[in-house]
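Please look over the sequence and the model shown here. The paragraphs below go through the domains and then two helix pairs.

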Amino acid sequence: MKSRLRALLRLFAVQGTWNYERMLGVGMGYAAEPLLEELKLSDPQRHAEAVVRSAEFFNCNPNLAGLALGAEVRAEYDGDPGPQVARLRTALCSPLGALGDQLFWAGLVPALVGITLAAVMLGAGLWAIVAFLVVYNGIRIWTAVWSLRTGLAAGMNVAAAIGRSWLPRAAGAVAPAAGFGVGLALPLAAASFLRPFPLTAGLGALGLTALGLVAGYVGGARYGALRYALLAVLVTLLVRVVLT
Amino acid sequence: MTLAPVTLIALVGWGMLVGLDLVSVWQAMIARPLVAGGIAGVLVGDVEAGLRVGALIELFALDVLPVGAARYPDYGPPTVGATALAAGGPWELTLGLAGAVSLIGAVLGGLSLQLLRRSNATAIQGAAAALAAGEGSAIRRLQYGGVARDALRSALLTVIVLGIAAGAARISLDRPTAAALTVVVVGIGLAAALGGAIRSAGRGRRRAWLLAGLAVGAVIALAVNL
């Protein structure tokens, strides 16, 4: 139990050595270490091989990394052939990445951030931020515990366990909430930020918004809005210098 | 912009935690600009300024999907630094300049993430033999080294943005220019968030939910006369 807790805590830093070669690989090796300790006593040769495998290339959404970690460790203890364990690890990268990104980065995070932003704009202040952190981290921690437990229980059958679980359904269900949450926040943010200014200034801001949308749609460049904003700030300052 | 040493230390410490949270450790979402700015506002004694800067930069951050190996700006530590610039004045006049400083910092933050990832790869290449031998101590050293480098990156980024903010504070903008900057950055922030939401929504029912959210938000804004 203690080793599971240590592995779980280490999973929260699974991206600590993120890089373009092994991606989460070393972080996975770090998280696997406590779980593989018993293997060291029973089969030192297998343990050494398992440690090497645990730190090789791996990539997925960090919130679901526990599924792969648990499955891999279980397979090592079950004595499944090393190349098969390595293939399992590789095979899990794409589905865990896609599911996790859909559930967290494109779903839960924008949904909760949108609602929090709306609440802040309505005057909820820091309490909205506290509520956001409590709700998000409650879900995140619960998911991490479930992931590790499910992976350890399923071993090589982890793909079937994921397919039967709540995960694919939740990933699909949270998307509308994200759209609604962000949609809810935007008019409130626009009203709150632009209200102190004259109507012409507000209309000018909304004109820039429209122009930005068109520029983003046509250009689609990375950092598009950021570059556009910095350029617009520069132009504003230059115009003011010329006019004054 | 004048900060007491203890406030400066607290801001750099908070910026470090915020930067670590983006990728390396926990991902508790304290790296979201809204959270980073709100707490920075508490630290500088102007919660409203922190929330305003955080909310503004959050609009830009909503445009970013931090998936896989994507390259993206780091908005957290710059939001912390920019809050110090916005504090103490009317937000209508300070928000534009603070937002611009934060966006410059976000670009620098994105570049610093690339450097961090490359330095992590270099460290791993240096430990290739130990990793191939299955040495657990090598994995631990790499992990602690990676986290320490990110902590240093985040703290330095916060210091740099605070430096830029201190320089920007010396620029004497007249009221119309300061207000125009706020309007410009808000307008483009709204474009960033809406553009990101439209792209994420695709063509499915999520787009309908986005439209529903926009409608409900507009009704609430009118109802409470925001």
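**Domains and helix contacts**

The C-alpha centres of domain 1 of chain A and domain 2 of chain A lie 37 Å apart. Domain 1 of chain A covers 2-196 and domain 2 of chain A covers 197-244, with bounds from an automatic or database domain assignment. This is a predicted model, in which local features need pLDDT of at least 70, side-chain atom pairs count only at pLDDT 80 or more, and totals for chains, interfaces and linings use all residues. Residues are numbered from 1 along each chain as its sequence is written, while chains are lettered from A and ligands numbered from 1 in the order in which they are written.

In chain A, the axes of helix 6 (residues 82-121) and helix 9 (residues 167-194) come within 6 Å and cross at roughly 30°. These two helices of chain A are therefore roughly parallel to each other (angles under 35 degrees). Their contact in chain A has 24 nonpolar, 5 polar and no charged residues.

In chain B, the axes of helix 3 (residues 47-61) and helix 5 (residues 91-126) come within 10 Å, crossing at roughly 50°. That makes helix 3 of chain B oblique to helix 5 of chain B; oblique covers angles outside the ranges under 35, over 145 and 65 to 115 degrees. Residues of helix 3 of chain B that meet helix 5 of chain B include Leu56(B), Ile57(B) and Phe60(B), and among their partners in helix 5 are Trp91(B), Leu95(B) and Leu103(B) (contact means C-beta atoms, placed from the backbone, within 7 Å). The residues of this contact divide into 9 nonpolar, 3 polar and 2 charged.

Terms used. Axes fitted to C-alpha atoms, helices over the stretch in contact; angles between N-to-C directions. Helix = DSSP H or I, 4+ residues; strand = E, 2+ residues; numbered from the N terminus. Contact = placed C-beta atoms within 7 Å. Nonpolar A, V, L, I, M, F, W, Y, C, P; charged D, E, K, R; others polar.
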